[in-house]
Amino acid sequence: PEGDIRSAFFLAYDEDNCDYLNLDQSLVARLEKGETLVSASFIIPYPPGFPILVPGQIISPEILSFMLALDVSEIHGYRPDLGLRVFTKDALKAHNAKT
């Protein structure tokens, strides 16, 4: 449940392992229904400049709610034009089969 930052960091090098999801209330609802999403990148709001998500971390509804409420100048690792970068279900299954 804590994640594996090293494996996740390198797994994210292959864009085929990643997907982008719109950051909105519908994403929070999906998590609240039990869907598991795993971050594929560091998400660092600035200011203050410390990560709220790291590669391999399971994304919680609370983290998404926090991100939706942020009023900061920028969020490193998040692309508003694409969305929140997460691992695909196939990438996670393949990785879990190896480990």
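This is a short tutorial chat about how some labels on this predicted model are justified.

Student: Let's start with the rings. What makes Phe9 and Phe10 an edge-to-face pair?

Tutor: Their centres are 5.3 Å apart and the planes sit at 85 degrees. Pairing needs centres within 6.5 Å and edge-to-face needs over 60 degrees, so both conditions hold.

Student: Why is the Phe10 and Tyr13 pair called tilted?

Tutor: The centres are 5.6 Å apart, with 50 degrees between the planes. Stacked is under 30 degrees and edge-to-face is over 60, so 50 degrees lands in the tilted class. Ring pairs link Phe9, Phe10 and Tyr13 into a cluster.

Student: Is Tyr13 buried or exposed, and how do you know?

Tutor: Tyr13 has a relative accessible area of 61%, and exposed means over 50%, so Tyr13 is exposed. Phe10, at 45%, falls between 20% and 50%, so Phe10 is partly exposed.

Student: On to helices. Why are H2 and H3 called roughly antiparallel?

Tutor: The axes of H2 (residues 25–32) and H3 (residues 61–69) cross at roughly 170 degrees. The cut-off is over 145, so the two helices count as roughly antiparallel. Their axes come within 9 Å.

Student: Which residues of H2 and H3 make the contact?

Tutor: On H2, Gln25, Leu27, Val28, Leu31 and Glu32; on H3, Pro61, Leu64, Ser65 and Leu68. They divide into 6 nonpolar, 2 polar and 1 charged.

Student: Now the charges. What makes Arg85 and Glu15 a salt bridge?

Tutor: The closest N and O atoms are 2.8 Å apart. The rule asks for within 4 Å, so the pair qualifies. Arg85 lies in strand E4 and Glu15 in the loop between helix H1 and strand E1, so the bridge ties together parts 70 residues apart in sequence.

Student: Why does Arg85 count as buried?

Tutor: Its relative accessibility is 12%, and buried means under 20%, so the label fits. Glu15, by contrast, is partly exposed at 43%.

Student: How do you know that Glu35 and Lys89 form a salt bridge?

Tutor: The closest N and O atoms are 3.9 Å apart, and the limit is within 4 Å, so they pass. Glu35 is in the loop between H2 and strand E2, while Lys89 is in helix H4, 54 residues apart. Arg30, Glu35 and Lys89 are linked in a network of salt bridges.

Student: What is the salt-bridge count by this rule?

Tutor: The count comes to 4 salt bridges. One of them joins Asp81 to Arg79, with the closest N and O atoms 2.8 Å apart.

Key. Residues are numbered from 1 along each chain as its sequence is written. This is a predicted model: local features need pLDDT of at least 70, side-chain atom pairs count only at pLDDT 80 or more; totals for chains, interfaces and linings use all residues. Side-chain values use heavy atoms; hydrogens and water are left out. Rings of Phe, Tyr and Trp (its six-membered ring) pair if their centres lie within 6.5 Å; planes under 30 degrees apart count as stacked, over 60 as edge-to-face and the rest as tilted. Buried means under 20% relative accessible area, exposed over 50%, partly exposed in between (1.4 Å probe, protein chains only). Axes are lines fitted to C-alpha atoms, for helices over the stretch in contact, and angles run from 0 to 180 degrees between N-to-C directions. Helices (H or I, at least four residues) and strands (E, at least two) are DSSP runs, numbered from the N terminus. Angles under 35 degrees count as roughly parallel, over 145 as roughly antiparallel, 65 to 115 as roughly perpendicular and the rest as oblique. Contact means heavy atoms within 4.5 Å. Ala, Val, Leu, Ile, Met, Phe, Trp, Tyr, Cys and Pro count as nonpolar, Asp, Glu, Lys and Arg as charged, and the others, Gly among them, as polar. A salt bridge is a side-chain nitrogen of Lys or Arg within 4 Å of a carboxyl oxygen of Asp or Glu.
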